[in-house]
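Visitor: Could you walk me through this one slowly? I would like to start with a pair of charged residues and go on from there.

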Amino acid sequence: MKRLQSDNSIYAFAPSMDPALTASPHETVIFETIDAFGGQIKTSEDKLENLDFSRVNPATGPLSIEGAMPGDTLAIHIEKIELPEQGAIVTGEGMGVLGDEVEGHVTKILPIRDGYVHFDDLKLPVSPMIGVIGVATGGKAFPTGSAHQHGGNMDTKEIGEGTTLYLPVFQPGGLLAMGDVHAVMGDGEICISGCEVSARITVKIDLIKGVSMRWPIVSREEGLYIVVSLPSIDDALHEATREAVLFLQDRRRITFAEAAMLASLAVDIRISQLVDPYRTVKAFIPREITGGELF
Ligand code: CA
């Protein structure tokens, strides 16, 4: 099985990137990833303020997919996310939604055992997710800490095992990279981090020729999530809502007004994260409404 080790890492999704490895469509590939801190936080004494920020948010890759061309779509089936024995969460002054009320910098190490993340005496079931996953961009470069149409730091908790993530291809080969796994995270990621871990991710990648998308789409048993990331949460909410309505209009061949009504009845507009440079919103469309497969 092909494997990308974590020393193949990028810190920006750019239009031009050198592939670290090439795979064929339908091939299974393992990505070994380093946590969002670049592996610099190992104990509660390691604080965010002391990190070398040039090593923050590494994404393992890029992987070139044979035959992928601009205007195609990658279907990334996330088969397995293997976790280590501990993760870390940080917050501090000026960080996250309530950063103006937090004093100092705080790091907490969270043991991961028997399928649970341990927070003091509480046990939270693990729900592994990929925070950063994206492809080469069509225009300007985005740091791996940011997100846009190419994916990136979407911090969307539904990007986990059993999910298929669809990403638009902007450059030959697509050039896929990923990292920033969380063992568990709530919608909003309000303190600025989840349970940040290094991990081993197993994915199978398919190529859908001649189908282009404006924004990443997450497909799960319960339905689809259209994932929109923009500098302001208001703009992200508006665009995700509009994308869901356009999707329903196209899929069901109804008017825009009818699609807006259907969305008002059945679509959930949810927040993925409120703490990255671009905010992320997901429009959830239940499977009963989308009907069948996406493509
Ligand atoms: Ca993240």
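Guide: Let us begin with R214, which forms a salt bridge with E243, and the closest N and O atoms of that pair are 2.7 Å apart. Please keep in mind that this is a predicted model.

Visitor: Okay, and which parts of the chain does that pair tie together?

Guide: R214 lies in the loop between β19 (199-208) and β20 (217-220), whereas E243 lies in helix α1, so the pair ties together parts that are 29 residues apart in sequence.

Visitor: Is E243 buried or exposed?

Guide: E243 has a relative accessible area of 7%, and because buried means under 20%, E243 counts as buried. Its partner R214, with 46%, is partly exposed.

Visitor: What else is buried in α1?

Guide: Besides E243, the buried residues of α1 include A236, A240, F247 and L248. What covers the buried residues of this helix includes β21 (223-230), α2 (256-266), β23 (279-286) and α3 (287-290).

Visitor: And how far apart are the ends of α1?

Guide: The end C-alpha atoms of α1 are 28 Å apart, which agrees with the 28 Å that its 20 residues should span at 1.5 Å a residue. Just after the helix, R253 takes a positive phi of about 55°.

Visitor: Back to salt bridges: how many are there in the whole structure?

Guide: A search of the whole structure finds 11 salt bridges, and K157, E158, D187 and K282 are linked in a network of them. Within that network, K282 forms a salt bridge with D187, with the closest N and O atoms 2.7 Å apart. K282 lies in strand β23 and D187 in the loop between β17 and β18 (196-197), so this pair ties together parts that are 95 residues apart in sequence.

Visitor: Are K282 and D187 buried or exposed?

Guide: K282 counts as buried, at 0% relative accessibility, while D187 is partly exposed, with a relative accessible area of 34%.

Visitor: New topic, what coordinates the calcium ion?

Guide: The calcium ion is coordinated by N153 (OD1), by D155 through two OD entries and by D180 (OD), at 2.2 to 2.5 Å. D155 sits in the loop between β15 (151-153) and β16 (164-168) and D180 in strand β17 (residues 176-182), so that distant parts of the chain, 25 residues apart, are linked. D155 and D180 are both buried.

How values were computed
Residues numbered from 1 in each chain as written. Predicted model: local features only at pLDDT ≥ 70, side-chain atom pairs only at ≥ 80, totals over all residues. Heavy atoms only, no water. Helix = DSSP H or I, 4+ residues; strand = E, 2+ residues; numbered from the N terminus. Expected span 1.5 Å × (residues − 1). Buried < 20%, exposed > 50% of the residue type's maximum accessible area, 1.4 Å probe, protein only. Contact = heavy atoms within 4.5 Å. Donors = N, O, S within 2.8 Å, 3.2 Å for Na, K, Ca; no water. Salt bridge = Lys/Arg side-chain N within 4 Å of Asp/Glu carboxyl O.
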